[in-house]
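Visitor: I am new to this structure. Could you show me how to read it, one feature at a time?

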Amino acid sequence: MQRRAVAALLDQLRTHGAGLVVTGEPGLGRTALLRWAARGFTAGNVLHLRAGPGGGPAAPGCPDVCPGLPGAPEGPGISPVPYGHDGRAWPRGEDGFAWLPDQAGQERPLGHGTRAGAGGAGPGTRAGAGGPEAGHGTDTADTWAAEESAYAWAGPDVGQGTRTGRPDRRPHAQGREPGADGWAAGRRTYTWTPGPGVTAGALLDAFRAAAHGGPLLVCVDDAHRWDAAGRAALGAVAGRPDAADRVGLLLSVAGHRALDAEFATLPVVRLDPLTPAQAGALLDDVTDGAAEPAVRAELLAEAEGNPALLVALVQRLSAAELRGRRPLPRPLADAGTLAAVAGRALTGLSPEARDLLLTVALAARTSDAPDAGTGLVRDAVRRLRPAQAEPHSEPYPQPPPELEPVAEGGLRFLSPLLRRAVRATAAPDRRRAAHRALADVLEAGGQRLPGLLHRSWSEAAPAPGLGDRLAAEASAGTAPASHRLRAAAYARAAELAADGPVRAERYTAAAEQELLAGRPDRARPLLATARDCAAPPLVRGRAELVSGLTELRDGPVEDAHQSLLLAASLLAGPAPEEAAAAVLAAANAAWAAGDLAACLATLGTGEGARGTVGDHRLGMRALLEGRFDRAAGPLGHVVRRAGTDDPPESLLRSAAAALLLGEVDAARRAGARALAAARHLGSAALVPLALEYLAYAELRAGRHAQARAHAEEGLRTALRAGQRNTAALHHAVLALAASIEEAPDVVARHVTAAQTTARRHGLAQAATLAEWAAARVDLGRGRPLDAADRLGLLVLPGPRRGHFAVWRLAVPCFVEAAVPAGRHEEARTVLADFADWAAFGADRQSVGQLARCRALLAAPEEADALYRAALARHDETDGGDFERARTALLYGKWLRRRRRPREARDHLGGALAGFERCGAGVWAEQTRGELRAIGGASRAGGGGALTRLTPQQLRIARYVAEGATNREVALALAVSTRTVDYHLRKVFAELGVRSRVELARMVEQSEQTAAHP
């Protein structure tokens, strides 16, 4: 997105001027984006404005405008740097601006292909002291390289370049064709350092001189460091898109502080942190894939999407540490690393402002959000800096631009990196003093847990027993506290513990709280530390339980299954209830993997379990064994025991049991209560699970729009909580919901996302749901052969059959596709299993679907009654508009082929109304085609040349335009291929086309005309 915005600016320079502000916290690539734009701009010259008034002098050796030469601007604000780094004058062009020759003696633009070292500007060398690139921007050399590498992975054109494994970072989108060295012939790059007091007029004069009458790109890095007059001049020039001056100003300003008022009217592009996928790609590129998985995960979590920080962390590690052979340094992001990435963002702060920033940064450690209460900060700063010189002085300074006010009286850093750097680089005694001030204020206000935490950080040698008090307060439920705060308290209590088993217990408790907070990346290192401590079976079992739950939601489910089984065995003696919960979680892992044998074996362990967990396990096992009569009792007890005051875990168990029984309304109620409870408790890990059950319940009830709404929110929350497995299931549900609409691209996107994670983590359930969604698209678009092929792999017996609890749900689709494909015997085979499933009553739609499938396979004299019975079953069970409309559509088709057009029209009209009401666009279009075939009116008519075709010819033309073969058309319309050939010849003659390509083009044009007359 950022590159597209910059490219749009460059394109505008063909006709008029424009301005654009690029902002982002240190390390995200502001300078790299400006350089990318300068290298890619070929329509005219490029002018770099160095750090200007108030921002310090130009770097040594930086070529500049030389007043007095022909064409050079003169007047206030023009300060030359006329000599190069070697003491010789820079060569000047006729306009008075400096340029550099390349090694062949030809003109070469400054900066292109030159990361100049101290001695010159040779290609491939790094910017260092004295070179033409030195001192440009705030980035260090390492940060510059990190940002360049980040843009190789973060841009929209990733993977489309000409270099192996990296994108082309030098687009040629504007102006003249590039020459042999990659730049347009005659193109020049200039630099200029304005002096104090520069005006908009002086800037415009300089820009015109550098432009040579053509477009000019002006790059200004760190524009926020200019003085007020300079910023006003820049803002005035950037805000006047004049066709006479085709000047584009690309301004880079710091994102760790508020945007200056002088730039507030300009369009802004904000650089965001890398996504997890982009950060992973960058890390693999930097390390050549050598990072051990646990180390890789910790590096990604510590960098928080900041590319420069990620590269700096890698550079800090030895090869042995990177490969997991030696422990990682602690803290991983130390003060030096953070200070190097933050650069000059930490300089120039007054002592008062630094104390205020430090207090906000430390207060945020015990806050649920990355902000701190204004009252807390104010009182703590007053304790930290009591008024000394004057009795009426105010020790609480105004918030600096690095902070922004938030709702309900809070302060927040604009840059998370700067918040971490302020905390890490503070002097230890000052940091402890700020913690002490915060502890005093919090304890005085009755906030014991955060007060104790700050008290523990305020002492170089914490008092004995402080760790025990912290752990006791974290485990107490007397005062509300978030999972994040409890996790921090347990982790700090573990650091203060001298006993190994106690440390292991507290690190495990901290990991559990981090998991509930939706931060599995934080839980994994804590668990690794806990495993390094000697501990009894109870503590080890709890650690394995937390580890298994973490992998169940965000890792290979087979690994989760084994961890949870180990947890159950370790907890069986000291904690039987926790062991029973571990068994049920292990069964869920086997369920997700589609391993029926492992699921049954797991459910058979620990036979003595009682209560809700025991009933759930017994009912689930009976259901999987096909003993439906014995499953209803125990699962019903689980459903009925759910109360409004139950914890979200119990409510989720109730929702799952209701879904197994087919009690959709009960599942929706329990899922909604679980969602409300999870949100109330701040359990970010349980919110996406509750939304998953709600989405399933809506799908089972035939309410696709509601299912989609829940799954969309579930996907967002799952990704935020680091739950890729849960996200894959939400992708699959979204694919199913979209499969009834006219949105094949949306379905394909969600199917691909679901299957990618499913293959990596062994998620058979998600994979089966996604493949079913893809088959429903084929079926809705009139491609029964493709649908039958896809669904056959899912529902037919054999080792490749889909998930044991999902494939039955896809049987009605398979029968509908298999009959026109001539696969009647296969359809009858799977229908027998589906009949048993329908008899159990776990799916309210299955009774009507069964009657419909039997009608499809029945002889003509029996089919009529079966179709009517199917419609009656749909009406009795209220299975939603979609399934009833599908039955009405199939019945209408059958009636039309039996030459009963009046009856067919009635049922097809009802089907169309049902499809339109539930948003099933692709099925509605198929129904309109059937209505046109019998001369019935539909609510969306065609237009253009197609109106000359008969209804049957029009249907055939539409199928052929979509790429169907004559045989596929015949199958879709239930006619012979000879009939299709006959009508297709008539279509060609009537429309005057000679090929299928011409026919497809004419159909597309006619339908566009009809849609937009």
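**Reading contacts, burial and a sheet**

Guide: Start with contacts. This is a predicted model. Leaving aside residues up to four places away in sequence, G255 touches T23, G24, E25 and L414.

Visitor: Where is G255 found?

Guide: Look between two strands. G255 lies in the loop that links strand 7 (247–254) with strand 8 (268–270).

Visitor: How far apart are G255 and L28, in sequence and in space?

Guide: Check both distances. In sequence, 227 residues separate G255 and L28. In space, their C-alpha atoms are 9.6 Å apart.

Visitor: Is G255 buried or exposed?

Guide: Compare the accessibility with the cut-off. Buried means under 20% relative accessible area. G255 has 16%, so G255 counts as buried.

Visitor: Now a sheet. In what order do the strands of the open sheet run?

Guide: Read across the sheet. Its 3 strands follow the order 9-11-10, with antiparallel pairing. Strand 9 (371–373) and strand 10 (403–406) are the edge strands, each pairing on one side only. Neighbouring strands here are turned by 30° against each other on average, direction ignored.

Visitor: How many bridges join strand 10 to strand 11?

Guide: Count along the pair. There are 4 bridges between strand 10 and strand 11 (residues 410–413), and the two run antiparallel. In this pairing, V406 stands opposite G410 of strand 11.

Visitor: Which helix packs on the sheet?

Guide: Look for helix 12 (residues 374–384). Helix 12 touches strand 9 and strand 11. The direction of helix 12 makes about 70° with that of strand 9.

Technical notes: Residues numbered from 1 in each chain as written. Predicted model: local features only at pLDDT ≥ 70, side-chain atom pairs only at ≥ 80, totals over all residues. Heavy atoms only, no water. Buried < 20%, exposed > 50% of the residue type's maximum accessible area, 1.4 Å probe, protein only. Contact = heavy atoms within 4.5 Å. Pairing = 2+ DSSP bridges. Axes fitted to C-alpha atoms, helices over the stretch in contact; angles between N-to-C directions.
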